[in-house]
Every structure is written in C-alpha cells, then in structure tokens.
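Let's take a walk through this structure together. Keep the viewer open and follow along at your own pace.

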Amino acid sequence: MRKIIKSLIMGQKTFMVTIALLTFVSALTSMTILTAYRANISQYRSAYRTDQLPDVLVKMDNDNDITTGIKSLKNVKNVTSKVGIVSQVMAKNDENVALFISNDVSNLNLKVPDNHKIILSSYLKSSDNFKVGDTFKIGQQQLTVQGFYDDHLLGSPLFKYKQGIVSKETMQILQSQKGQQKSQLAFVNAVKKAENSSNLLSDYPDRLQADLIYDKGYIQKAYTMLPTIVALVIILAAVFLFGICLFVMRFALLSGIDKDRQKIATFKTLGMTNRQVNLAYVMSYLGSNLVGLFGAVVASFWTSNLAFKFFWQLNGLTSAQHVPINIIIVSIITLIMVGFSTIIILLSLRPVGSISPAAAFQGSQSKVISSSGHLKLTKSKMPLQIALAFKDYRQKIGHYMTFTLVISLFVFLSLMIMTLNQGFKGKINGLFGLPSVDLIMQTPNDTLRHESLQKINTITPIKSSGYNQETKILLSKDVIPVHRYSQIPHEIKVLSGHQPKQSKDLLLSSNLMKTLHLSVGQTVRVKTVTNDSCWYVSNN
Amino acid sequence: MSKSNIIKVQQLSKHYENHKILENIDLDIFESDFTVIMGPSGAGKSTLLQNISTMDKPTSGKVIFNQQDLTQFTDKKLSQFRKKDIGFIFQSFNLIEHLSVLENVCLPGLLLKSESKQQVIQRAKQLLTGLGLDGHMDQAITHLSGGQKQRVAIARSLINQPKILFADEPTGALDSTAGIEVLDSLTLNNQNGQTIVMVTHDLKAALRADRILFIKDGKIFGDRNFTPYDASQIKARRTEIESWLQEMGW
Ligand SMILES: Nc1ncnc2c1ncn2[C@@H]1O[C@H](COP(=O)(O)OP(=O)(O)O)[C@@H](O)[C@H]1O
Ligand SMILES: [Mg+2]
C-alpha cells in the first residue's frame with residue numbers, strides 16, 4: 001500500500017505540495033488566531049482577578065463621598081474609592097488624552113512615583129503618545145513621565161479615560177489648582193443579588209449623576225473587542241484559503257484520476273479492489289493535508305505567541321506572558337479540516353469505480369470517449385439547443401466544477417464581507433455587547449437635564465449618564481458641534497490673534513476659520529436662542 | 001494424453017452498444033499449454049483475452065475457473081482471483097513509474113500478503129536475476145529499454161506464481177532482438193509448466209505456441225494444436241504454422 005501511495009504522490013508532486021502548503025497556511029492562521037484569541041481572554045481574566053479589580057466601577061465627577069451611598073445597597077459587599085482629577089493632556093502626536101490622575105496604588109503592582117513625576121497606563125506608550133522622560137503640564141504643574149504600567153481596568157483604547165499615577169504630594173498640588181475637575185472612582189464588589197429584593201446596585205439613586213458605571217463583563221468586552229474584529233477577519237481569510245485548498249484537491253483528484261486511468265486500471269489488473277485504490281488516494285491526499293496540518297501545529301507554537309502579543313498590545317497592554325498550545329483548538333481545527341478534506345476526496349473519487357481493468361490496455365480509453373462523447377448542436381432548433389446545453393452542462397459537471405466552486409467561494413466571501421460591513425455600520429458596540437448610548441439629550445440647562453433624567457428613569461431605569469458641554473452652530477446648512485470653553489485649556493495653542501480679553505472676543509479653530517473664510521479681526525454674528533450678538537474673531 | 005482444462009468458456013458474447021464483437025464463443029484453455037490467439041486487426045483478440053481474464057465483463061456467457069463462474073464474482077473475489085491466479089503482460093508494459101524495478105515486481109506479492117515481505121523480495125530478486133536484470137533492481141523504470149521493461153513486467157506477472165499468464169501483444173512495442181528475448185523467457189516458463197495465453201499478430205511469437213486459436217468475425221475460426229516448441233526445428237515449424245495461418249486467411 002505504501003508503494004502505491006508513493007506512486008500516486010510522485011505522480012502529482014506539484015498538487016501535493018500546493019495542497020500541503022495551502023493546508024499549512026490556512027491551518028496555521030486559524031490555529032494561531034484562535035489560540036491567541038482564547039489566550040487573550042483567559043490571560044485577561046486572570047490578570048483582572050489577580051489585580052483584585054472590581055465587579056462594578058463607578059465614576060463620579062464630584063467632591064462628596066460616594067462610598068456610603070453605594071455601601072448601603074443590598075447586593076454590595078464592599079466599596080473602596082480612589083480620589084483624583086480628570087484632565088485633558090496633549091500627547092506627542094497632537095492627540096488629546098483624557099487622564100484620570102490619582103495617587104492611589106492599591107490594586108496596582110506599582111511603586112509610587114517621585115514628586116512631579118507620573119506613571120501612565122501602558123496604552124499611552126504602545127500608541128506612541130508618550131515615552132519616558134516626556135513632560136506635560138496640568139494647569140501650572142509640569143509632570144515628567146517616569147514609567148508605564150499595565151492597566152487592566154481603564155487601559156483599553158476603547159475607554160475614554162486613561163490612568164496616571166502620581167505621588168501624594170504631587171496630587172495635593174494638582175488638586176489645589178483652580179479649575180481642576182475633581183473625580184472619584186468607586187470600586188464595588190457585589191454579592192449575588194437576592195431575587196425580588198429592592199435597593200440594589202441597579203437602583204442606586206445617584207447613578208444618574210455618574211459619569212460611568214461599568215461592570216466586569218463590559219470591561220472585559222472592551223478588552224476583547226478589537227481582537228475579536230481582527231480574529232474574525234483573519235479567520236474569514238483562513239476559511240477562504242482552506243476553500244481554495246479543497247478546490248485544488250478536487251481539481252487535482254479529478255484531473256489526476258483522468259490522467260492516471262491506465263495506472264488505476266493496471267492496479268486493478270494486479271488485483272487491487274476499488275476500495276484499495278480509493279484508500280490509496282484518500283491516504284495520499286489526506287497525507288499531504290496532514291503534513292500541512294502537522295507543520296501548522298508546530299509553527300503555531302511560535303506564531304500564537306506573536307499573535308497573542310499583538311492582541312495584548314491592541315488592548316493597550318505590554319507585559320505579555322507565554323501562550324501554551326491550545327489542544328482543544330488544535331484538535332477541533334484538525335478534525336474540521338480533515339473532515340472536509342475527506343468528504344471532498346471521497347466525492348471526487350467516484351470516477352475510480354467506473355474505470356475497468358480493461359482500460360489498462362492501450363487505446364481503450366479513447367474508444368470509450370468517442371463512443372459516448374460529443375453532442376451535435378448544428379441542426380437543432382433554439383429551445384432544444386438550450387436543453388442540450390443543459391444536458392451538456394450536466395455531463396461535463398466535472399469540468400464546470402472548477403467554475404462553480406470559484407463562483408460559490410466568491411459569493412460566500414462577498415456575503416461574509418457584506419454581513420461584517422452591515423454589522424459594523426455604526427453598531428460595533430451593540431454587536432460586541434458594549435453598552436451603547438440609547439439617548440442623547442441636548443439642553444443648556446442643568447436643572448432641566450436632571451429633571452428629564454429623573455423622569456426618564458421612572459419609565460425605564462437608566463444605568464448611567466454622562467454629559468458633555470458643547471454647542472452646535474449652524475453653518476449655511478450644516479450643523480457643527482463645537483466645544484465651548486469659558487477658560488482656555490492649556491493644550492490649546494493660539495496660532496494668531498490673542499486670547500479673548502474683552503467680552504466680545506472670540507477664538508475660533510483654524511479649521512473653522514478656513515471653512516467660514518474668515519480672518520483675524522473680522523466680525524461674526526453669533527445667534528442663539530436667547531442672544532444675538534457680534535463677536536470679534538481671533539484665531540487659534 | 002488428455003490435458004485437464006483450466007478455464008472453460010461457455011457461450012461468451014461481448015457487444016459494444018449495437019456492435020457485436022464476440023458471438024457465443026465456446027472454448028477450453030488447457031493447463032500447461034502455450035495458447036496463442038491470432039486474427040486480423042480489430043477481430044476481437046484483445047477483447048476475448050480481457051473477457052476470459054476478468055479484465056472486462058462479457059455481455060453474456062460464462063467463464064468457469066475451478067468450477068466457479070468468474071463473471072458472477074464480486075469486486076473482492078475478482079481482485080483475489082487477479083492477485084493470486086493470474087498474471088498479466090501488456091503491450092505497453094504498464095509498469096508503475098516512480099517505483100523502482102524491484103518495487104514494481106514486488107507490488108502484486110505485497111498486495112497478496114500470503115507471504116512475508118522478505119520472501120516476496122527474495123523471489124522477486126530470483127525472478128529478476130533469471131531474466132537477466134540483476135544489475136537493475138533499484139533502477140527507475142524510466143531508465144530501462146523496452147525489452148528490459150517487458151522482462152520486468154514478466155517478473156511482476158510471475159511473482160505470485162499464477163495459474164495462468166495472460167499476455168496481449170507482449171512483443172508489439174519491441175524491436176526483434178528484444179522481442180526474441182521476451183519470447184524466450186515466456187517459452188522457458190511454459191516449459192517449466194506455466195500456462196500461457198497470448199494474443200499476437202506476430203508470426204515469430206506465434207511460433208512458440210502449442211495451440212493457435214484464430215479469431216475472425218466474432219468467432220473462433222480456427223483451432224489447432226502443434227508440437228511443443230523446439231528451437232532446433234524452427235524452419236519446419238515456421239512453414240507449418242505459416243501455411244495454416246494462410247489457410248485461415250491471415
Ligand atoms: N471499449 C470499447 N468500446 C467500443 N468498441 C470497442 C471497445 N473495445 C474494443 N472495441 C471494438 O471491438 C473491436 C475489437 O477490438 P480488439 O479486441 O481490441 O481487437 P484486436 O483483435 O485488434 O485486439 C474493435 O472493432 C474495437 O473498435
Ligand atoms: Mg489488440
């Protein structure tokens with residue numbers, strides 16, 4: 001049997017190599033990606049556990065103590081809080097980064113930084129926003145970046161706040177500066193809630209004022225969403241590659257059997273049964289498959305670690321651990337691939353049974369073809385021609401198989417891409433289970449906002465709400481949101497003109513200046529519901 | 001002396017669509033005979049050989065071997081019969097490329113599995129040596145001459161010590177020297193008791209026959225026995241056989 005398999009393999013060397021290579025690539029990518037993806041989730045979970053991070057995280061932008069209120073809830077085990085400030089800082093690449101700065105290193109495996117220094121969450125390093133030694137100002141206080149740490153809580157690029165740690169003294173300096181937004185993070189550990197009880201975390205009365213309330217599940221999703229998207233795309237590519245591999249297999253088998261008619265017939269004259277011939281084919285083709293798979297398993301030891309590192313960095317984390325091979329994933333992929341290959345091989349082996357040993361005699365092959373061969377299309381009428389063409393198609397289904405397979409693979413791929421595209425269209429959060437904003441309300445009136453929130457809350461419980469101060473302006477036909485500042489944030493650089501000094505001075509962004517074709521010193525008319533006045537433009 | 005028959009063909013017909021190639025053939029093949037089938041091109045010689053040897057299935061009729069009708073055999077029983085009881089030699093050799101000479105010869109022996117691999121290899125080497133191929137055992141098939149290839153094919157056909165050896169134009173693709181070598185080794189085997197059924201249109205090959213069947217118009221047109229081949233009386237034999245064949249309309 002080994003000899004026969006050898007002769008079959010040697011007869012189709014190029015195909016065998018192609019099949020092994022395609023299997024290798026598709027198995028390698030899928031094993032690598034799935035292993036890295038699973039590792040990403042499990043390592044994230046264990047890091048979260050070892051850091052003793054909370055079941056629920058609440059962020060509140062005020063000065064009052066928030067722990068007592070939360071502690072009184074029935075399903076809350078314990079609450080600790082971190083006090084800090086939230087500040088926008090300008091990163092190297094001109095990006096605005098929102099930082100939650102505190103001096104609390106509990107739950108962090110971290111030494112307190114020196115005075116006037118700051119340790120940042122590692123995403124800010126991997127995204128090239130900062131490096132050690134960089135300096136920036138918070139108000140009047142200059143801070144130097146002393147290092148980075150992996151932040152499993154707010155380090156994900158999907159969170160709007162990144163963390164920074166400073167010493168106690170530095171914290172006091174920062175807090176004492178005027179105009180800093182005081183903020184608190186409450187770490188809540190919950191117990192399983194008793195059924196039908198009230199006064200639970202979900203009924204927390206102050207949650208309407210909370211900037212964010214995230215539970216553990218959501219935080220994990222934020223850390224797995226980017227890898228999920230990447231993994232999906234790559235898996236799709238791997239599936240496509242494997243489809244091509246199956247297609248090559250089928251083509252190689254059909255053309256190989258056709259080419260090897262005499263050889264197969266000779267095997268039969270030597271006393272091989274149909275089953276043995278089929279088995280030889282199955283073994284040689286599966287063999288080539290298995291070579292690819294084996295190579296993939298071996299190579300995936302290395303590549304899964306690379307992919308995992310990539311995922312880990314996508315999450316804004318740097319200290320990746322070694323990933324062992326995932327037996328379950330490897331065996332499932334092997335099973336699936338071998339299964340599909342076997343099906344394709346068995347389907348393609350049908351012609352073997354119909355080869356008579358007599359085909360071993362020279363010339364009998366051409367006789368068979370000429371006796372059952374061609375269709376005469378010359379004299380028939382149109383409808384008959386279509387019927388004949390259809391008959392022709394059915395007869396030559398083997399030849400069209402190539403075409404059919406390519407088309408169906410193409411359709412499959414386009415459908416997948418369309419679904420992905422559809423899924424991502426503005427609802428990434430929903431698709432991956434991240435909380436989405438259900439309602440946006442716009443009002444300049446704080447009291448009105450509170451009242452509305454309370455009213456809505458009686459109809460349907462609000463989990464958390466945040467607010468953003470911005471103004472929309474009407475530009476010819478487009479509504480453009482603009483941020484309105486009463487005090488110029490330090491990261492805004494004045495390009496020309498000057499900071500507003502008089503009550504009617506106005507500083508506009510350079511982009512808006514261009515859009516409106518304005519220049520410094522010109523007068524614009526700002527019309528609001530309550531006010532209609534003229535402003536003098538300077539530029540930033 | 002009456003020879004025992006090894007194959008009995010009864011009322012065998014073979015049709016291709018409406019084309020009747022063989023019609024109601026009755027025939028006995030005798031043990032230890034060198035039977036040669038001759039006839040005009042396209043007469044159905046190869047077809048007859050294929051139908052007797054289970055390479056093809058007759059449209060109707062029986063082929064009795066060992067009191068069993070071969071035409072009723074299942075795929076499994078057929079393959080067993082082909083492995084164990086017959087050997088085949090083709091005009092185009094039909095050796096398996098990508099395998100060495102020795103591997104080709106061993107192949108049917110390893111398929112049969114009635115002996116150990118060592119025994120099979122041992123006998124393959126003996127056969128190849130006997131056929132003057134001892135220097136070529138590990139060579140690739142593609143490097144052999146036509147005559148060498150056909151001798152490898154003979155060794156392959158004999159590896160399982162078959163009851164009958166079938167050959168279809170074994171000298172058809174060879175020059176005359178190589179052809180003679182091949183015929184000599186067939187004759188030698190026949191003299192050692194090997195039953196041979198050979199199709200040919202080559203007079204030189206026909207000279208080796210104990211018995212010649214002449215096929216024409218789908219029937220056995222002539223059937224004649226000759227004295228066993230003797231190289232020293234080749235001239236007389238040639239005249240005898242040639243004149244008979246001419247009688248048959250060759
Ligand atoms: N598979 C086949 N299909 C149709 N006709 C065939 C087939 N095999 C042989 N024939 C026809 O049967 C006849 C006898 O062929 P064959 O036995 O090969 O002749 P030969 O006596 O030359 O060996 C020829 O006319 C040939 O065309
Ligand atoms: Mg012939």
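What follows is a tour of strands, loops, single residues and cavities in two chains.

Before we start, please keep in mind that this is a predicted model. Chain A is a good place to get our bearings. Its 540 residues include 41% that count as buried, and chain A holds 16 helices and 14 strands. If we take the contacts in chain A between residues at least 6 apart in sequence, 77% of them join residues at least 24 apart.

Now find strand S3 of chain A, which covers residues 96-102. Six of its seven residues are buried, so S3(A) is largely enclosed by the rest of the structure. Who are its partners? On one side of the story is S2(A), which pairs with S3(A) in the antiparallel sense over seven bridges. To see this pairing at the level of residues, look at Val89(A), whose bridge partner in S3(A) is Val97(A). The hairpin made by S2(A) and S3(A) has five residues between the strands, and there Asp94(A) takes a positive phi near 60°. Another partner of S3(A) is strand S7 of chain A, residues 162-165, and these two run parallel, joined by four bridges. Here Phe100(A) stands opposite Gln163(A) in S7(A).

While we are in this part of chain A, stop at Ser81(A), which sits in strand S2, residues 76-90. Is Ser81(A) buried or exposed? The answer falls between the two: its relative accessible area is 27%, and because buried means under 20% and exposed over 50%, Ser81(A) counts as partly exposed. Leaving aside neighbours within four places in sequence, Ser81(A) is in contact with Thr67(A), Asp104(A), Gln184(A), Leu185(A) and Ala186(A). For a sense of scale, try drawing a line from Ser81(A) to Met337(A): the two are 256 residues apart in sequence, and their C-alpha atoms are 51 Å apart in space.

Let's move to chain B and its strand S8, residues 195-199. This strand is mostly covered, with five of its five residues buried. Thr195(B), Val197(B) and Val199(B) point one way from S8(B), while Ile196(B) and Met198(B) point the other way. S8(B) has parallel partners to look for. Strand S3 of chain B, residues 34-38, pairs with S8(B) over four bridges in the parallel sense, and Thr35(B) stands opposite Val197(B). Strand S7 of chain B, residues 164-168, also runs parallel to S8(B) and is joined to it by five bridges. In that pairing, Ala167(B) has Met198(B) as its bridge partner. To get from S7(B) to S8(B), the chain passes through helix H6, residues 176-191, in a right-handed β-α-β crossover.

Next, let's look inside. How many cavities of 30 Å³ or more does a search of the whole structure find? There are two. The largest has a volume of about 100 Å³. It is lined by 15 residues, and those closest to its centre are Arg82(B), Ile86(B), Gly87(B), Arg156(B) and Ser157(B). Helix H2 (75-84), strand S6 (86-89) and helix H5 (146-158) of chain B each give two or more residues to this lining. By character, the lining divides into seven nonpolar, four polar and four charged residues.

Helix H5 of chain B is also home to Arg151(B). Arg151(B) counts as buried, because its relative accessibility is 12%. Beyond its neighbours within four places in sequence, Arg151(B) is in contact with Leu131(B), Gly132(B), Leu133(B), Glu181(B) and Val182(B).

The second largest cavity has a volume of about 40 Å³. Its lining takes us back to chain A and includes Lys82(A), Ser106(A), Gln163(A) and Phe187(A). This lining divides into four nonpolar, three polar and two charged residues.

We end with two loops in chain B. Most residues other than glycine have a negative phi. Glu17(B), however, has a positive phi near 50°, and it lies in the loop between strand S1 (5-16) and strand S2 (19-30). Asp217(B) also has a positive phi, of about 50°, in the loop between strand S9 (211-216) and strand S10 (219-225). Glu17(B) counts as exposed at 64% relative accessibility, and so does Asp217(B) at 65%.

Technical notes:
Residues are numbered from 1 along each chain as its sequence is written. Chains are lettered from A and ligands numbered from 1 in the order in which they are written. This is a predicted model: local features need pLDDT of at least 70, side-chain atom pairs count only at pLDDT 80 or more; totals for chains, interfaces and linings use all residues. Side-chain values use heavy atoms; hydrogens and water are left out. Buried means under 20% relative accessible area, exposed over 50%, partly exposed in between (1.4 Å probe, protein chains only). Two strands pair if DSSP finds at least two bridges between them. A crossover is right-handed if, with the strands pointing away from the viewer, the path from the first strand over the helix to the second runs clockwise. Contact means heavy atoms within 4.5 Å. On a 1 Å grid over the protein atoms alone, a cavity is a set of points where a 1.4 Å probe fits but cannot get out, and a pocket is an open set with protein on both sides within 12 Å along at least five of seven lines; lining residues have an atom within 4 Å of a point. Grid points are joined across faces, edges and corners, and a volume is the space filled by probe spheres set on the points. Ala, Val, Leu, Ile, Met, Phe, Trp, Tyr, Cys and Pro count as nonpolar, Asp, Glu, Lys and Arg as charged, and the others, Gly among them, as polar.
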